[in-house]
Amino acid sequence: MRNEDGPWGAGGREPQGGGEGGLGPRNPWTEPPGPRKGERRRPALTGSALEALLRRGRERFGGRLPEPRDRGFWIGGIVSLLVVWVLITSFHRIDPEERGVVMRLGRYAGTLAPGLHMTLPAPIDRVEKLPVEQVSTTEIGASAGDSENLAVTSDGSLVDLAYAVRWKIADPELYLFENKATDDLIRQAAENAMRSQVARATSDQVTGTDQDEVADGAAQRLQATLDGYHAGVRVVGIAIRKAAPPAALAETFRTVVDAVQKAQAKVSAAKVYALQAASKAESETADFDKLYDQYRLAPQVTRQRMYFDMMDEVLPRVDRTIVDAPGVTVPITGGSRVAADEAKP
Amino acid sequence: MSVLARSMRQPAAWIAGLLVLILVVAAGSLTVVPETRQAVVIRLGRPVGFVNAWRPGQGVEGSDAGLFAHAPFVDRVVLVDRRMLGFELQDQELGTADGGRVVADAYARYRIVDPLTMLKTAGAEGKVADALSPLLASALRAAAARRPAAALYGGADEGLARDVRTALDLAARHFGARVTDVRIERAGLPPGAATEHMIDRMRAYREQQAVEIADNGDREAAGIRAQADADAAKIYADSYGKDPEFYSFYRSMQSYRKTLTTGTAVILSPDSDYLREFKGGR
């Protein structure tokens, strides 16, 4: 039973009218007649306006289930999709570390602070969320493999460099609108800054002693360059991951380190020797000095005492022989060997 | 009666058709010019205006970005990037004034300030970098040939970068662009003989350094030992030298203690001092 009327009813008739066979409006609160052809259930749609629209659609078509070909269904579907679209694209949540740059039909229309915000729906308003406090890291220089990133130092040496630049977006508008491909730019400018700094330092400074100063100097250079470009970026710092002599020279550098260690060891040993010699001299002369003081007080007595002390210690140990008269030998204890020799024929 | 004829009689169809027509015309006469773009309006092959042209020192507040209305269909709106753009050159081999060869990477920053000229000469935005690249290369070569190799290393030579930028900027105006900065990212020795030579030189220097360190260490250690010996000798001399004869006696007593042990035969004469009292008084 095709309804030959247009979507707004037959020509001349009011839109609210219509019903089955021109009987007048159907009571919208009763159950609609069951499905005829087409088992499709209508999708559940929310919104009272929507329901009213659907009710009118039902009335118009005499309670039949609207089929895909019926324009009322299409209008209802499109409107509901639009409402959902507007809801989704009008609300924006900006996290604390983000900012949202709003572009209205292409034109900058403000920056959203963290929180929940409502704007006009897309495609009228477009919000680009940028991380503002989050630190990004750009790694430069080979950190894997054997490809080297050699830089020249002030003393004509080569250093294999690998470093990381930590930066964050300081000004979201500048970051978005001033430069194209700002991330690439950071890498290019960083190479220039780092190598300028390394070229002003000696090889020893870069590989060891003053590495932090080199990194800080390069970071300042980089910040100045990026500010000149209005990049809207703040350089948090540069961390040198590797600053080593070229691979071909690694062994030579080990030789140098070895030589330093050996030389230091020799000097330390000499110092120990010096201490020992000094303390030995001190203690021996102290003994002598004490004895000498006693000797000065009573020379004869001290000498005799020393002599007999020595004899007391020595004589019991040795083979003693006393010669009483020329030619006669009288052995004392311990001298058995000598006596035996004499006794032999 | 055909469907079309029936539809044509109804105002609803007319309204719908009119709406569609309005939409199509609107789509053809409205263009969104983003903040990052400037636009040239070309009507039937002739330029008639600019939108959101870049001006130095202008921030986002003063821009004319947004929805722009123009004559439908006859106007062609060409969007051109108004941001600062860049391109890179890599592994350029440059000859220096002292006959050295340097391999360099460089980058340039430029901006399209005259989009109309750009369109006339380069034809499209992307072609500008293509046109400027060989110009940058030749400017680098020209500047490098005037300087010694050492001046190029590390991008430390601001004079060279300035020379190159000036030359490139002049050339870029032809394309409706201005070059705002040129920098050398890296400048090093070409791989091969020159690098090997430098590495050999470094190796020899370091080996010599190692020998020097060893020699210095030996010398310092010997000096410390010698000084220690001298200091000890002075302590001994100051002490024992007070009475050399007594020291001789003292030292002899120590020596006898040490050396006269079992197995040694000691012969004592009755006239010896040791037995003097033994013989019975003087």
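Trainee: Contact means heavy atoms within 4.5 Å; with that settled, what covers the buried residues of α6(A)?

Mentor: The cover of the buried residues in α6(A) comes from both chains: it includes β8 (158-169), α4 (182-199), α5 (203-209) and β9 (233-244) of chain A, along with β7 (101-112) and β8 (177-188) of chain B. Helices (H or I, at least four residues) and strands (E, at least two) are DSSP runs, numbered from the N terminus. Keep in mind that this is a predicted model, where local features need pLDDT of at least 70 and side-chain atom pairs count only at pLDDT 80 or more, while totals for chains, interfaces and linings use all residues. Residues are numbered from 1 along each chain as its sequence is written, chains are lettered from A and ligands numbered from 1 in the order in which they are written, and side-chain values use heavy atoms, with hydrogens and water left out.

Trainee: Which residues of α6(A) are buried, then?

Mentor: The buried residues (under 20% relative accessible area with a 1.4 Å probe, protein chains only; exposed is over 50%, partly exposed in between) are A:V214, A:A215, A:G217, A:A218, A:A219, A:L222, A:Q223, A:T225 and A:L226.

Trainee: How does the span of α6(A) fit its 18 residues?

Mentor: Helix α6 of chain A covers residues 211-228 and should span 26 Å, because each residue counts for 1.5 Å, and its end C-alpha atoms are indeed 26 Å apart. The expected span is 1.5 Å times one less than the number of residues. Just after α6(A), A:H230 has a positive phi of about 55°.

Trainee: And chain A overall, how many helices and strands?

Mentor: Chain A has nine helices and 11 strands, and 37% of its 345 residues are buried. Of the contacts in chain A between residues at least 6 apart in sequence, 65% join residues at least 24 apart.

Trainee: Switching to chain B, what is the strand order in the sheet with β7(B)?

Mentor: The open sheet runs β6-β7-β8 in chain B, with antiparallel pairing (two strands pair if DSSP finds at least two bridges between them). Strands β6 (84-95) and β8 stand at its edges, each pairing on one side only, and the twist from one strand to the next averages 20°. Between β7(B) and β8(B) there are 10 bridges, and B:V103 has B:G188 in β8(B) as its bridge partner.

Trainee: What packs on that sheet?

Mentor: One helix is α4(A), which touches β6, β7 and β8 of chain B and whose direction makes about 55° with that of β8(B). Helix α6 of chain B (residues 158-173) touches β6, β7 and β8 of chain B too, at about 145° to the direction of β8(B). Axes here are lines fitted to C-alpha atoms, for helices over the stretch in contact, with angles from 0 to 180 degrees between N-to-C directions.

Trainee: Which residues have the most contacts inside the largest nonpolar core?

Mentor: They are B:Y110, B:L132 and B:L136, in a core of 47 residues; a nonpolar core is a set of buried Ala, Val, Leu, Ile, Met, Phe, Trp, Tyr and Cys residues joined through side-chain atoms within 4.5 Å. Helix α4 of chain B (residues 125-144) gives the most to this core, with nine residues. Leaving aside residues up to four places away in sequence, B:Y110 touches several residues, including B:F87, B:V128, B:L132 and B:V179. Another core, of 39 residues, lies apart from the largest one and has among its members A:M103, A:I169, A:A219 and A:L222.

Notes
Contact means heavy atoms within 4.5 Å.
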